[in-house]
Amino acid sequence: MMGRNQTIVSEFLLLGLPIKSEHQNLFYALFLAVYVTTVLGNLLILVLICLDPHLHTPMYLFLSNLSFSDLCFSSVTMPKLLQNMQSQDPSIPYAGCLTQMYFLLFFGDLESFLLVAMAYDRYVAICFPLHYTAIMGPRLCLSLLVLSWVLTMFHAMLHTLLMASLHFCEDNVIAHFFCDMSALLKLSCSDTRVNELVIFIMGGLILVIPFLLIITSYARIVSSTLKVPSARGIRKAFSTCGSHLTVVSLFYGTVIGLYLCPSANNSTVKETVMAMMYNVVTPMLNPFIYSLRNRDMKGALGRVFWRKKTPFSL
C-alpha cells in the first residue's frame, strides 16, 4: 500500500452524478429548483419564527436552528454540484475538499442533535403538559442548543484533522458529487484503520444513540396517549409528532444505512442516491412538513404577511 507513488495531491476531481450528457440540462434545472426551494422554504420558517411572537416557544426555537442547519447543510454541496454540472472543470482544491467535509459533518451532526431536542420537547409537551413550561425553561433550551453546537464542532474537527493526517497518492478522483468521508478514505494510500475505528465509535455516539433516544421518546408518547384512549388525544399526539417522525425516518434511515451499515453490494449509484436523500431531499422537505402540515406555522404565515398588507384595516 505504501509502495504506491505518493505524489502530493493538491486537488480532487468530483465525478458528480451519473447522468447522461443529453439529460444534463434537465437535471440541472431540477436540482436548481430543489436548491432554490430549500433556501426559500427554510428562510421563510426563520423569518416567521423571528417575527411572530406566538412562535417564540422551545419547539420553534429548535425548529429555527434546524432550518438554519438545513439551509447551510444543503448550501455546502449544492452550489458546487450545480457549478460542476455546467462546467468542464470538476476540480476542488485539497483544502476546499476538507473544508466541505468539515461543514458537512458539522451541520449533519447538528441536525441529529436538534432532532433529539425536538423529540424531547414533544415528549414533555404531551406526557407532562402541566409541567411543560417549568421543565422546558429558557435555561434548559439554551443549554441543549449550546451543547449541540459545541459537540458537533468538536466531532467535525476530529474527523477533519484525522483526514488531514492521511496521504493521498496518484488517484484523486472522487466517485461522488461532494467530498464524502468514506470516498476519501478509499483514495488514501495511508493506513486508515484509525479513521474507520473513530467513524464507527463516534458514529454510534452521534447517530445511533440520538436515534434510540428519539425512538424512546416517541414510544413513551404513544404509551402515554394510549393510557387515556381519547380519539381527539390520539389524533392530536400523532398530528404533533407525525411531521417530526417523517424527518427522522428520512434522515437517520439513509445516514445509518450509508455509513454505519454499508453493504458490499452497494453500487456507486446507490450510495449517491442515498446521499442525495439526506443531503438534498430532507432539507427541501422540512419547510413543507413543518409549515403545510402545521397549524401554528399557517397561522403565523397569515399574521405576518396579511398584517403587513392591511395596516389600515379597522
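Biologist: Happy to look at this one with you! How many aromatic pairs does the count come to?

Modeller: Bear in mind that this is a predicted model. Rings of Phe, Tyr and Trp pair if their centres lie within 6.5 Å. By this rule, the count comes to 17 aromatic pairs.

Biologist: Nice. Is the pair of Phe12 and Phe168 stacked or edge-to-face?

Modeller: The ring centres of Phe12 and Phe168 are 5.3 Å apart, and their planes stand at 85°. Planes over 60 degrees apart count as edge-to-face. So the pair of Phe12 and Phe168 is edge-to-face.

Biologist: Which parts of the chain does that pair link?

Modeller: The two residues are 156 residues apart, so to speak of distant parts of the chain is fair. Phe12 sits in strand E1 (residues 11-14), while Phe168 belongs to the loop between helix H5 (138-164) and strand E3 (173-174).

Biologist: And is Phe168 buried or exposed?

Modeller: Buried means under 20% relative accessible area. With a relative accessible area of 6%, Phe168 is therefore buried.

Biologist: Now to Tyr102 and Phe106: is that pair stacked or edge-to-face?

Modeller: Both residues lie in helix H3 (residues 94-127), four residues apart. Their rings are 6.1 Å apart centre to centre, with 25° between the planes. Planes under 30 degrees apart count as stacked, and the pair of Tyr102 and Phe106 is stacked.

Biologist: Last one, friend: is Thr77 buried or exposed?

Modeller: Thr77 lies in helix H2 (residues 58-86). Its contacts include Gln100, Leu104 and Asn279. Its relative accessibility is 0%, so Thr77 counts as buried.

Key: Residues numbered from 1 in each chain as written. Predicted model: local features only at pLDDT ≥ 70, side-chain atom pairs only at ≥ 80, totals over all residues. Heavy atoms only, no water. Buried < 20%, exposed > 50% of the residue type's maximum accessible area, 1.4 Å probe, protein only. Contact = heavy atoms within 4.5 Å. Phe/Tyr/Trp six-rings, centres within 6.5 Å; stacked < 30°, edge-to-face > 60°. Lists of a residue's contacts leave out its neighbours within four places in sequence.
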